[in-house]
Amino acid sequence: LRQDITAEQSFRLNDHTLRVLEKLKKNVTVYLYELSQDQMGRRDVLLGNAWEKTRSLLFEYSIRSSAFVFKNLTEEEARRLRSVDKEFPRLEPNDILFTCEGRKKVLGAGDLYQADPKTQRIAIFRAEDFFTTAIKEITSEERSVVYFSVGHGELDINDQRAAAAPHLKWALTQRENCEVKTLQLGKEGRVPFDCALLCILGPQREVASDELENLKEYLERGGRLFLTIDPRFPKHGLGEFLKAWGVLAGQNMIWSGESFDRSQQIGVSYGVLAGAYPPGHPINARIEDLPTIYPYCTTVDPLPSPETKIAAVALVTSPPDSYAVSDLSFLEDPNRRPELSRGDRKGALPMVVAVEGLPSEKESKRKSRMIVAGSTDFAAAYMSNRSYNMGYLLNCFRWLMEREREIAIPDKRFQQRPME
C-alpha cells in the first residue's frame with residue numbers, strides 16, 4: 001500500500017495520467033541525463049531538488065505501468081545508443097529523453113519547475129503535465145506536420161547555413177515530436193489537409209494574390225498560421241490580408257534605448273526586450289518576466305472587429321520608453337541612432353499578436369488561429385543564453401496546434417510550512 005502524505009499531494013498522479021498509463025500498450029523508456037552535484041555546483045541546488053522530485057514522480061509512473069521504464073543515461077551509454085541509432089539526439093546536460101519505438105521527445109529539467117524568488121525554493125512543479133503530454137505524443141500513431149513556406153526569401157527550415165534553422169527544426173522534431181516539411185504556396189495550389197501548423201518566417205518578397213487566396217482558404221477551414229514580418233522588407237504584400245484578420249502591420253521599427261544597450265551586450269542588433277506579457281491569454285498564463293528579445297521589430301496592432309467573429313489580442317508589448325520610428329534611414333549607419341518624426345508613436349507598443357476566430361459567416365469545425373510577430377529575428381535570437389525566445393516560440397506553436405488542451409493537469413504548488 002502506497003500513500004502520499006505530502007500536503008500538496010506531490011506524488012499523487014492525476015486521474016488523466018492514470019488513464020494514460022492504464023492504456024499504455026507500447027514500451028516507453030525515459031533517459032535521465034543528469035549532471036552530478038559536483039558538476040552542477042552549489043548554485044544549482046534548486047535543479048538538484050528538481051531532479052529528486054523528477055525521479056520520485058517517474059517512479060510513480062513506473063509502478064503504474066509495466067510498459068514504462070526510466071534509467072540514468074551516462075555518456076558511455078549515450079555513445080552506444082548513437083552508434084546503433086543514427087537519429088539518437090545529442091542531449092544537453094539535464095535533458096530528459098522520452099522514447100518509444102524510434103520516436104523521441106526531449107524535455108529540459110530546468111523547465112519543470114518555478115522558483116519562489118524570495119525563498120529560492122521550488123514553488124511550482126509542473127513535471128506531470130510535461131511527462132504525460134510526452135507519453136501521449138510519442139505513443140500516438142500520427143505526428144503533427146508543420147509546414148514552412150518558401151519562395152519569398154523566408155527563413156528556410158532546411159538551410160543549414162541559416163543560424164536559426166537547424167535549432168528550430170531540432171526543437172520541433174525532437175522536443176515537439178513533429179514532422180517538418182516545406183511548402184510553396186503558389187505551386188501547391190492549396191495548403192495540404194495534413195498541415196497542423198503553417199509557418200511563414202519573414203517574407204522578403206511580395207506574397208502573390210493567388211497565394212493569399214490559398215492562405216485565406218486554409219484559415220477559413222480552421223487552419224493555424226505563425227507569421228513573422230521584418231521592417232527591413234516592407235513590401236511583403238500582407239497588409240490587407242492581415243487587416244481582414246484583425247491585425248495592422250506597421251511600417252516602422254520599434255526603438256527602445258534601454259533595450260538597445262542591453263541587447264548589444266549579448267550581440268543582438270537593434271533588439272527590443274519584452275516590456276510586458278498582457279495577462280488573459282493561455283500562452284501568457286505561466287509567464288512572468290522572461291527576457292525575450294525582438295530584433296528589428298515593427299508594430300503589430302490588434303484591430304477591433306465588432307462585426308466579425310475575430311478576437312485579436314496583444315501577447316507581447318515593448319518597454320514604456322519605446323517609440324515606433326517611421327524613418328528607417330538610420331539603419332544605413334550602425335552607429336547612428338534614430339530620430340523621432342512627427343506622428344511617431346511612443347510608449348508600450350504591441351510586438352506579437354494572437355488571433356482566433358473566423359472573418360466571415362463560414363462555418364468550420366474549429367476556429368482559426370494565427371500569431372503574428374513583428375520580428376523575424378525573434379525566431380533566431382534564442383541562441384543567446386540570456387534569452388528565452390525558444391521557450392516562448394514553442395509555447396506559441398503549442399497554442400496554435402491546441403496542445404495546451406490535450407491535458408489539464410494542475411501544477412504542484414509548494415508552500416513553506418514551519419514545524420510546530
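Here is a walk through this predicted model, from the whole chain down to a few single residues.

Let's start with the big picture. The chain has 420 residues, and 53% of them are buried. Its secondary structure adds up to eleven helices and 18 strands. How much of the contact network joins residues that are at least 24 apart in sequence? Among contacts between residues at least 6 apart, the share is 76%. As for the outside, the chain exposes about 21100 Å², and carbon and sulfur atoms supply 47% of that area.

Now find a sheet of four strands. It is an open sheet with the order E2-E1-E3-E4, and its pairing is mixed. Strand E2 (68–72) and strand E4 (103–108) are the edge strands, each pairing on one side only. Going between neighbouring strands of this sheet, the average turn is 20°, with direction ignored. Look at strand E1 (residues 28–33) next: E1 and E2 run parallel and are joined by five bridges. One pairing to look for is Val-28, whose bridge partner in E2 is Phe-68.

Helices lie against this sheet too. Helix H3 (residues 45–64) lies across E1, E2 and strand E3 (95–100), and runs at about 150° to E2. Helix H5 (residues 127–139) also packs on the sheet, where it touches E1, E2, E3 and E4. The direction of H5 makes about 165° with that of E4.

Before leaving this part, stop at the loop between E3 and E4, where you'll find Glu-101. What is the phi of Glu-101? It is positive, about 50°, although Glu-101 is not a glycine. That is worth a second look because most residues other than glycine have a negative phi. Glu-101 has a relative accessible area of 64%, so it counts as exposed, the cut-off being over 50%.

On to another sheet. This one is open with seven strands, in the order E8-E7-E9-E10-E17-E16-E14, and again the pairing is mixed. Which strands stand at its edges? They are strand E8 (179–183) and strand E14 (309–317); each has a single partner strand, so one side of each is left without a neighbour in the sheet. From one strand to the next, the twist averages 20°.

Strand E9 (residues 195–201) is a good place to pause. On one pairing, strand E7 (residues 145–149) runs parallel to E9, joined by four bridges. Here Val-146 stands opposite Leu-197 in E9. E9 also pairs in the parallel sense with strand E10 (residues 224–228), over four bridges. Leu-198 has Leu-225 as its bridge partner in E10, and Ile-200 stands opposite Leu-227 in E10. Is E9 mostly covered or mostly open? Mostly covered: seven of its seven residues are buried. Helix H8 (residues 209–220) packs on this sheet, touching E9, E10, strand E16 (350–358) and strand E17 (368–373). The direction of H8 makes about 140° with that of E9.

Next, the cysteines. How many disulfides does the structure hold? The count is zero. Take Cys-178: its nearest cysteine sulfur belongs to Cys-199 and is 9.5 Å away. A disulfide needs the two sulfur atoms within 2.5 Å, so that pair does not qualify. Cys-178 is buried, with a relative accessible area of 0%. Cys-396 is buried as well, at 1% relative accessibility.

Now turn to helix H10 (residues 257–265), which contains Ser-259. Ser-259 has a relative accessible area of 1%, so it falls under the 20% cut-off and is buried. What does Ser-259 touch, leaving out residues up to four places away in sequence? Its contacts are Gly-271, Val-272, Leu-273 and Pro-319. There is also a polar contact of 3.0 Å between the side chains of Ser-259 and Ser-256.

Our last stop is Tyr-296, in the loop between H10 and strand E13 (300–302). Tyr-296 has a phi near 45°, a positive value in a residue other than glycine. Is Tyr-296 buried or exposed? With a relative accessible area of 14%, Tyr-296 is buried, whereas Glu-101, with its own positive phi, is exposed.

Terms used. Residues numbered from 1 in each chain as written. Predicted model: local features only at pLDDT ≥ 70, side-chain atom pairs only at ≥ 80, totals over all residues. Heavy atoms only, no water. Pairing = 2+ DSSP bridges. Helix = DSSP H or I, 4+ residues; strand = E, 2+ residues; numbered from the N terminus. Axes fitted to C-alpha atoms, helices over the stretch in contact; angles between N-to-C directions. Contact = heavy atoms within 4.5 Å. Buried < 20%, exposed > 50% of the residue type's maximum accessible area, 1.4 Å probe, protein only. Areas by Shrake-Rupley, 256 points an atom, 1.4 Å probe, with all protein chains shown as cover. Polar contact = N/O pair within 3.5 Å; in protein donor to acceptor, adjacent residues only side chain to side chain.
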